[in-house]
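Here are some quick questions about how the labels on a model like this get assigned. Each answer puts the value next to the cut-off behind it.

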Amino acid sequence: MPRVPTNPNMRALSAARAGPAGKKAEGQVGQRIASEASNQFLNGLSMLKEMFQDFRSSDRFFKAKAGIIGGWAFISLVSIVIACPGQGVKTADLGARVIVLPNADRPKASPALLVSNTDDDPWENVIFTVNGKYKAIVDKVAPGGDVTLTPKNLLGPTGPMPGDERFVSAEMKTNDGKAELVKNGQAVGE
């Protein structure tokens, strides 16, 4: 049985549209995109305001939980940023990673040149030339292997390299090609 209204002047109103919805005026694509972007931004902003108001009206235990989770997320992100270097290890050609001593980290170190093979293939018949006149020959450097060059194991036309001479330039030749390792006292790739 239908319900009888208690007040005869009351009547039901419908939320349905009386006619079809009017089509929005079509403008230029850029204007429509800008309009839609601003609508989305404002909707997001209002949602953030509502979330903030809900958070303010919540109890202190919920706030404590949110603080713990937020702190954990912050520490995790900071740890990831610190752990991941901004750039990979810089290498010279042929996958050679070079460290020249002395350098800014070790200014009092004896002159030395550390060359690491970061390539997947071994280097064979390697000839290192330092300062254009001192040479060292190595038969093979395995992938991941290192070679340390010091003035004692570099020979020139008049004998070994003087112990106080710095590594100003260095290059390496292998069966696969050649690579400049040091230029003007700095490792190539730094």
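Q: Which strands form the open sheet, and in what order?
A: Three strands do, in the order 1-2-5, with antiparallel pairing. Strands here are DSSP runs (E, at least two residues) and helices are runs of H or I, at least four residues, both numbered from the N terminus. Strand 1 and strand 5 are the edge strands, since each pairs on one side only. From one strand to the next, the twist averages 15°, an angle between N-to-C directions of axes fitted as lines to C-alpha atoms, on a scale from 0 to 180 degrees.

Before going on, a word on the source: this is a predicted model, where local features need pLDDT of at least 70, side-chain atom pairs count only at pLDDT 80 or more, and totals for chains, interfaces and linings use all residues. Residues are numbered from 1 along each chain as its sequence is written, and side-chain values use heavy atoms, leaving out hydrogens and water.

Q: How do you know that strand 1 and strand 2 pair?
A: Two strands pair if DSSP finds at least two bridges between them. Strand 1 (residues 96-101) and strand 2 have six bridges, in the antiparallel sense, so they meet the cut-off. Among the bridges, V98 is partnered by V115 in strand 2, and I99 by L114.

Q: What makes strand 2 and strand 5 a pair?
A: Strand 5 (residues 146-149) shares four bridges with strand 2, again antiparallel; at least two are needed. One of them joins S116 to D146 in strand 5.

Q: Why is R97 called partly exposed?
A: Its relative accessibility is 33%. Buried means under 20%, exposed means over 50%, and partly exposed is what lies in between (1.4 Å probe, protein chains only), so R97 gets the middle label. R97 lies in strand 1. Its C-alpha is 5.0 Å from that of S116, though the two are 19 residues apart in sequence.

Q: Why is strand 2 described as mostly covered?
A: Of the six residues in strand 2 (residues 112-117), five are buried. For the whole chain, buried residues make up 21% of the 190 residues.

Q: What makes K63 count as a charge over the ring of F55?
A: The rule wants NZ of Lys or CZ of Arg within 6 Å of the ring centre and within 35 degrees of the ring normal. K63 lies over the face of F55, at 6.0 Å from the ring centre.
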